[in-house]
Amino acid sequence: MGRMLSDEAVAGYHRDGFYFPVPVLTGEEAAGYRRHLESHEAKTGHPLQGNWRHKAHLLFTWVDELVHHPKILDAVEDLIGPDILCWTTNFFIKEASNPGFVSWHQDATYWGLEPDDVVTAWVALTDATPENGYMQFLHGSHKTEQLPHVDTFHKDNLLSRGQEIAVEVDKSKGVGIALKAGEMSLHHIKLVHGSEPNRTSDRRIGLAIRYIPTYVRQTKVRDAATLVRGTDKFHNFDYEPRPAADLDEAALKAHADSVARQVKALYAGTEKQEFRA
Ligand code: NI
């Protein structure tokens, strides 16, 4: 038995490339985080967009609280050990009755991280269902080599480059990842996954938190990350400061600096200067 996951769960993650569901928040706590997001959106008059969907834990204290959540970190520690950096976070928000989708892809394609001991904790802030476009995982696909991807920059694709796998994917092997608000799934950086549009009348909100052990390296740029647990004897990343207050001057500066580095890595070879809206 690990800190949070059973031995079977840990073995299942290594065999299948994913494990779910892991309960980390109560339904009420998940609803509370959704209210934080939506009260910010009410102030700006539009959904969280562009660069602010990424590394939002540097902007908002309530996202910072989530990336440091002891239950999430206990489960992640069971998979990658006790010395943990949060490399990034990405909000995956699918608006009600919206064509937004995620093509089949491997996260590893543009991230520049080596070796591939990278785990995503995908925390559901609303239920994730077949109707609202839950994620689908291809069982055991993290053991295949890196597959070739093509950039589509399709307007409805929620990925940075609209990247998709260039070869046929057998979708019938997809496993649907149904989660209740407050549960999370865990998946490996090379796992093939995708998701369909939200056909319901409510939004679907998930926060993908990308965790790495401190020995992982970024091969594309001098990158930054947040030390969330344990010690770091490798210093492969510059440290990010935690926000003292939502959107204060220091938080905005740290976020801008850190996102600029990540855009440089993820959009290498293109003209992009910021994340797509
Ligand atoms: Ni992905």
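# Inside helix H6 and beyond

Trainee: Which residues of H6 are buried?
Mentor: This is a predicted model. Buried here means under 20% relative accessible area. In H6, the residues that meet this are Ala 251, Ala 254, His 255, Ser 258, Val 259, Arg 261, Gln 262, Val 263, Ala 265 and Leu 266.

Trainee: Why can residues three or four places apart point the same way in an α-helix?
Mentor: Think of the turn. Residues three or four places apart point the same way because an α-helix has this many residues a turn: 3.6.

Trainee: Which elements do the buried residues of H6 pack against?
Mentor: Look for contacts, meaning heavy atoms within 4.5 Å. The buried residues of H6 pack against one helix and four strands, namely helix H5 (108–111), strand S2 (84–94), strand S13 (217–218), strand S14 (224–229) and strand S15 (238–239).

Trainee: What distance separates the end C-alpha atoms of H6?
Mentor: Start from the expected span. Helix H6 covers residues 249–266, which is 18 residues. At 1.5 Å a residue, H6 should span 26 Å. The model agrees, because its end C-alpha atoms are apart by 26 Å.

Trainee: Is Leu 266 buried or exposed?
Mentor: Leu 266 sits in helix H6. Its relative accessibility is 7%. The cut-off for buried is under 20%, so Leu 266 counts as buried.

Trainee: Which residues does Leu 266 touch, not counting residues up to four places away in sequence?
Mentor: Set those sequence neighbours aside. The contacts of Leu 266 are then Trp 87, Tyr 110, Trp 111, Arg 161 and Phe 275.

Trainee: How many Å apart in space are Leu 266 and Ile 205?
Mentor: In sequence, Leu 266 and Ile 205 are 61 residues apart. In space, C-alpha to C-alpha, their separation is 23 Å.

Trainee: Where is Pro 21, and what is the omega of the bond from Phe 20 to Pro 21?
Mentor: Pro 21 lies in strand S1, residues 18–23. The peptide bond from Phe 20 is cis, with omega near -10°.

Trainee: Where is Pro 115 found?
Mentor: Take the bond before it. From Glu 114 to Pro 115 the peptide bond is cis, with omega near -10°. Pro 115 belongs to the loop between strand S4 (113–114) and strand S5 (119–124).

Trainee: What is the relative accessible area of Lys 55?
Mentor: Lys 55 is in the loop between helix H2 (27–44) and helix H3 (61–67). Its phi is positive, about 55°, although Lys 55 is not a glycine. Lys 55 is buried, and its relative accessible area is 0%.

Trainee: Is Ser 97 buried or exposed?
Mentor: Ser 97 lies in the loop between S2 and strand S3 (102–106). Ser 97 also has a positive phi, near 40°. Its relative accessible area is 56%. The cut-off for exposed is over 50%, so Ser 97 is exposed.

Trainee: What radius of gyration does the chain have?
Mentor: The chain holds six helices and 15 strands. For 277 residues, a compact globule would have a radius of gyration near 19 Å. The value for the chain agrees with that: 17 Å.

Trainee: What share of contacts between residues at least 6 apart joins residues at least 24 apart?
Mentor: First, the packing: 55% of the 277 residues count as buried. Among contacts between residues at least 6 apart in sequence, the share joining residues at least 24 apart is 83%.

Conventions
Residues are numbered from 1 along each chain as its sequence is written. This is a predicted model: local features need pLDDT of at least 70, side-chain atom pairs count only at pLDDT 80 or more; totals for chains, interfaces and linings use all residues. Side-chain values use heavy atoms; hydrogens and water are left out. Helices (H or I, at least four residues) and strands (E, at least two) are DSSP runs, numbered from the N terminus. The radius of gyration is taken over C-alpha atoms; the globule rule is 2.2 Å times the number of residues to the power 0.38. Buried means under 20% relative accessible area, exposed over 50%, partly exposed in between (1.4 Å probe, protein chains only). The expected span of a helix is 1.5 Å times one less than its number of residues.
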